[in-house]
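Thanks, everyone, for making the time this morning. I would like to walk through a few local features with you, one chain at a time, and I will give the cut-offs as we go.

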Amino acid sequence: MIDEIAARFPYWATAVLIVIGLYGMIAKRSLVKKLIGMNILQSAIILFFVAGSLREGASVPILFEGAPGARAEDFVNPLPHVLMLTAIVVGVAITGVALAFLVRLREEFGTLDEESLLEQVRR
Amino acid sequence: MDMGYLAILIPLPLLAMALAVPVVARVRSGAAFPLSLAASVASTAASVLALAAVLEGGPLSYALGGWAPPVGIEYVVDHVAAFVAVVVTSVSTLVIIGTRRWAIREVGDRLGPFYGLVLLLLAGLSGMVVTGDLFNLFVFLEISSLAAYALVFMGGRAGMVAGFRYLMLGTIGGALYLLGVGYLYFATGTLNMADVARILEADSSGRAVAAGAVLIFTGLGIKMALVPLHLWLPDAYTYAPSSVNTLIAPVMTKVGAYAMLRMFLSVFPDGYLRDAVPVADALLVLGLAGIVLGSVAAMVQTDIRRMLAYSSVANLAMIAVGLGIGTPLALVAALLHIMNHAVMKAALFSSAASVRLATGFSAVGDVAGLGRRMPLTMAAFTLGAVSMIGIPPTAGFFSKWYMAQAGVAEGQWLVVVVVLGSSLMTAVYMFRVLERAYLHPQAPVVAGVAGAAPDAPGVPGAAESPADVVWPMMVLAAATVVLGVANVVIVTHVLEPGV
Amino acid sequence: MDVHASAVPAYALAIPVAVALAVAVSGRWPRLRDLWPVAGAAVLLVTVFSMLGRVTEGEVPTATLIEVSLGTSIVLSADAAGMIFALLASMLWLVSSVYSIGYLRALGEASQTRFHTAFSLSIAATIGVALAGNLLTFVLFYELLTLVTYPLVAHRETEEARRAGRKYLAYTLSAGIVLIGGAVWVQALGIDATFTAGGFLGGADLGNATRWGLFALLALGVSVKAAVMPLHSWLPSAMVAPTPVSALLHAVAVVKAGVFGMVRVVAFVFGPALLADMGAWIVLAVASGTTMIVASVLALRHDNLKRRLAYSTIGHLSYIVLGAAVLGPIALTGALLHIVGHGLTKITLFFCAGAIHARTHKENVSEMDGIGWQMPLTMGAFAIASLSMAGIPPFVIFVSKSYLAWGAADAGLGVFMVIYLASGVLSAAYLLPVVLRAFRPARVRPRYGEADLRMVVPLMLTAAGALAWGIEPDLLFGFRELAENVAHAVFPAAGPLVENETAEQVHALERLVAGGIGILTAAGIGAWLLHDRLGGDAVPALGRRAAAPARLLVQAPLEAVFTTAQRATDAVAGRVMALVSRPPEAWGGVAGRPPLGVALAAVLLTFGVVLVIAAVR
């Protein structure tokens, strides 16, 4: 079991982070904490991609004078990094929108506690 | 001549104008609507041309920036994509025209951002339809969702809460989809759908592929409001401004369903989602449950918008059932239902919006006597409702007809019973409205009557809505009949070659 | 059959639709608006009639409209059976459109434009049902008929009317869905569902489960509109509608669409050979035979005239179902003729009931003492129609019933012949007392005063029709010839009826029964005259005393059983539809907001499944 986890450490770490993120989104009453949970979830996925692109003993994917070699396996896979740049942008955009929502909600309701928000809406 | 550029021309005008409109509107807020309409019309024209080109010469492909796939991002328009693109762009164009007045009334001081978001939403949706790249699909998915969150958030106090909750759930959906794409990527080394399909065809035995399939299914399940992941939908549709839910209800979830279909048609190998991973079975079971639960929930609603929202849950579930059965006929039925449901839900939500904004009423009990006061609005509602129930020769009948046939052919008797039985349940909740509208004496017209939305700037006693609201609605309502009668043309020329 | 491409059936469908549109747009000018249905009905009648010559010669004018399902089009084809129904519907539309103008104006009904529009659309749907050339077309118009008659049933907009409307929808929409289920199944089997004399399923190689499944769906689907017990309870409720609706729709169009559908299912979908092989006809025969007796018995106890007529309709519809079910050429001829005979007769009765209501606002039989002296023409027509309902010559139902009764005997089912005759006696028992009461001697006779001429003339015309077609069934429209053509096509082995020995026997039977019933009638009239002379309550009292044991032994238990059955079906279909009426407040306001946590938990669960898949497989 330990060996299994150690051998695939990044996967298990991702899984644990995702569960933490989801837990935060479910269990926390504060909308800010829910948002933090969402961020953890997104970060976990970014980590997953980056970890997946890792290659033991490979170099930065930049072809320069005196690079160790020019074969594909000499470099870390650059594509997931590029994808994650996009994903981070998307994530930031969502977080930004969500924060803007929170500001408006706070202005409107005077609280960010989910229960009392729903209580106020229901009335 | 290579017509591939048409693929990119579908989302491009929307995207460009989405950026331009908020800026222009700061100077002249009156320009927001014509510019948005122009973009939407341009996009519709591009989809129609693309459909024509596909019918003539087969699928179109466009490599973004000249990078040949699978390295670069590819945009692909095949029969199915062209079909869905035409549906989405043309329905939303009509809705944009029909809701102009309501948008001014509801978000008058923020027209620029509003139309910017609307266009962004449509750009995202049409992008999802034409992209041939898994990661690009994610980006468009998030673009459209982001715009939808913000639009729902514009709907007053309740809309704000609904919008935030929608954002939470929607983001989980996007994240799970992305994670699934990650699994697929590490299993195949590519993100191009066709390329993924080619590699998986050769070898799809890995665990990563299975995990990816399930994650993508769950993520898209949230986006297409598959029971039990639909819980964001009723609130979002109910509390969004009327000019918004009229737009997102017909097209948004439908594109989620289309993305799901894409996974079946052009990513995973034939039968993989059936035999290796029980995605198809899950869709079938959840779809059947969704039809029943959605219909029952719709029956007990007091607010027309919420009733229509639950009806959407049921109808999306029917699309899921079609995917779950998975035979060509069932897929045809599912695609046909994507179109039919988009058209009839647009007609229904348009007339609900017309009622709400002309009278301030949105509760089922408040429509009493409206059949005489707003004859055209209620006529559109009636046609939409009849089609929703599935009375021939309206469009809604024929998707159920094909779906039930596919069920019989596969020996899935439960599908037949549920799909046909849902007609009866639909009749129950639709006739609750129709009976009150036509066969009850008119409700006394009192300002601030119980049930009127607190934020509705109602003009009690108003008669029929103005012509520019009514005619798009009538076009949509008439389309439910025309598309029903002409369904064979669509099925044989567009859908059958596509599946 | 000799299929000829022709646009005439399509015109026949288009005319009432055009009338509906014309009515809808000219609602502001009532005189013009009311003109359209009359003119349209005349044009429709001529249009349908123009096909008659070709149809009697065996041609089938067929219009293939648009293809609406893969490989299946909307086909309108005027075969002999369809012609009978189409002729009847267009003929009676003409008289009832005149009648409804008089009725609606006399009572000052609201929403007359909606009424006339829906009425014309109902005729369109009926013509569609009559001329449907395949199962899908039939289903399409059958469903549309439900939809467009709903506003007519609930026309009065009272709570009672709305409740009746909901009940009507619950029953007919459910039945429509069942029928669609059958049509879907046929389509999925890949069978060409073009109506074929002798049945299109006959040639197909079907398993037993499939055959019975299809039979259950299709027969059940048409049984509701045919009001076969215990699926009948929508019909008496629907009598809350204005009388022209009850007259045309619930005596002719809707219910006849049901029984006509049954004829289609029996003779053109399954075919006698297949049904005989399955033994499925027994189900139909028993159900309809029971309905005939029970409905007639139930009719006896209803004081409300329209309700009594409704139960009479239920009974007589089953004449037709049974005629189809006994699977013989003579009975089938009789069934088709009874569509005509009962249509003419029952519409007369409803017209009379409506005229009485419009003139005197009386609806109950018990209030109608002596009304015959006030409205002699109306009640005279009522008397003719009552005699016809009882199967007394020389009226039209006598002809159809002779075929039916003899057909049952010919098929070796003497018991059903007895039921037919018994039901005739019961028909006399629930209708003739009305006539007797109406012409009850009264010291102070009410002043003469008929209803509006636009009501009296139509009802006299239909009564005259009941007499004329009774004397010569082939008059003008060749109903008997058409019906016999159908029977010959469905049962080719039996040979043409007209030159057949059996036909001779039928006519012999006619004479026999005519003689018997003539004597009975004479006795009845004599008794009545005697009774008049005595001036007392002697005869009714005698009748009551004689009826008491019958009531105790037959009526009471039957009523108990069937009201229970009726309650059960009402509970199933009606309760669902009752939701429609439930005021929104009853649901406790806005439904609870489902917690976001539930959704997230669902996601988490799915995610857990993924992890398990990824880790274990």
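B:Thr171 is buried, with a relative accessible area of 2%, where buried means under 20% relative accessible area, exposed means over 50%, and partly exposed covers what lies in between, using a 1.4 Å probe and protein chains only. This threonine, B:Thr171, sits in helix H8 of chain B, residues 156-188, where helices are DSSP runs of H or I with at least four residues, strands are runs of E with at least two, and both are numbered from the N terminus. Leaving aside residues up to four places away in sequence, B:Thr171 touches B:Tyr149 and, in chain A, A:Met38, A:Gln42 and A:Ile94; contact here means heavy atoms within 4.5 Å.

Before going further, I should say that this is a predicted model, in which local features need pLDDT of at least 70 and side-chain atom pairs count only at pLDDT 80 or more, while totals for chains, interfaces and linings use all residues. Residues are numbered from 1 along each chain as its sequence is written, chains are lettered from A and ligands numbered from 1 in the order in which they are written, and side-chain values use heavy atoms, with hydrogens and water left out.

Let me turn to chain A, which has five helices and zero strands. Of its 123 residues, 36% are buried, and the accessible surface of chain A comes to about 7100 Å², of which 65% belongs to carbon and sulfur atoms; these areas come from the Shrake-Rupley method with a 1.4 Å probe, and for residues only the protein chains shown count as cover.

How far apart are the axes of helix H3 (residues 31-52) and helix H4 (residues 79-109) of chain A? They are 10 Å apart, and the two helices pack at an angle of about 175°, where axes are lines fitted to C-alpha atoms, for helices over the stretch in contact, and angles run from 0 to 180 degrees between N-to-C directions. H3(A) and H4(A) are therefore roughly antiparallel to each other, given that angles over 145 degrees count as roughly antiparallel, under 35 as roughly parallel, 65 to 115 as roughly perpendicular, and the rest as oblique. Among the residues making this contact are A:Met38 and A:Gln42 of H3(A) and A:Ile94 of H4(A), and these three residues are also touched by B:Thr171.

Back in chain B, the loop between H10 and H11 deserves a careful look. As general background, most residues other than glycine have a negative phi, and most peptide bonds are trans. B:Ala225 lies in that loop and has a positive phi of about 60° although it is not a glycine; with a relative accessible area of 1%, B:Ala225 is buried. In the loop between H10 and H11 we also find B:Pro228, which is joined to B:Val227 by a cis peptide bond with omega of about 5°. A further cis peptide bond runs from B:Pro392 to B:Pro393, with omega near 0°, and B:Pro393 is placed in the loop between helix H18 (375-389) and helix H19 (395-409) of chain B.

That leaves chain C, whose secondary structure comes to 23 helices and three strands, and in which buried residues make up 60% of the 617 residues. Among its contacts between residues at least 6 apart in sequence, 80% join residues at least 24 apart.

Within chain C, the axes of helix H13 (residues 305-325) and helix H18 (residues 414-438) come within 11 Å and cross at roughly 165°. That makes H13(C) roughly antiparallel to H18(C), and the contact includes C:Ser312 and C:His316 of H13(C) together with C:Ser427 and C:Leu431 of H18(C).

Which residues of these two helices does C:Met389 touch? Its partners include C:Ser312, C:His316, C:Ser427 and C:Leu431, which also take part in the contact between H13(C) and H18(C). C:Met389 itself is found in helix H16 of chain C, residues 376-389, and is buried, with a relative accessible area of 0%.

Finally, C:Glu157, in the loop between helix H6 (135-153) and helix H7 (159-188) of chain C, has a phi near 60°, a positive value in a residue other than glycine, and at 18% relative accessibility C:Glu157 counts as buried.
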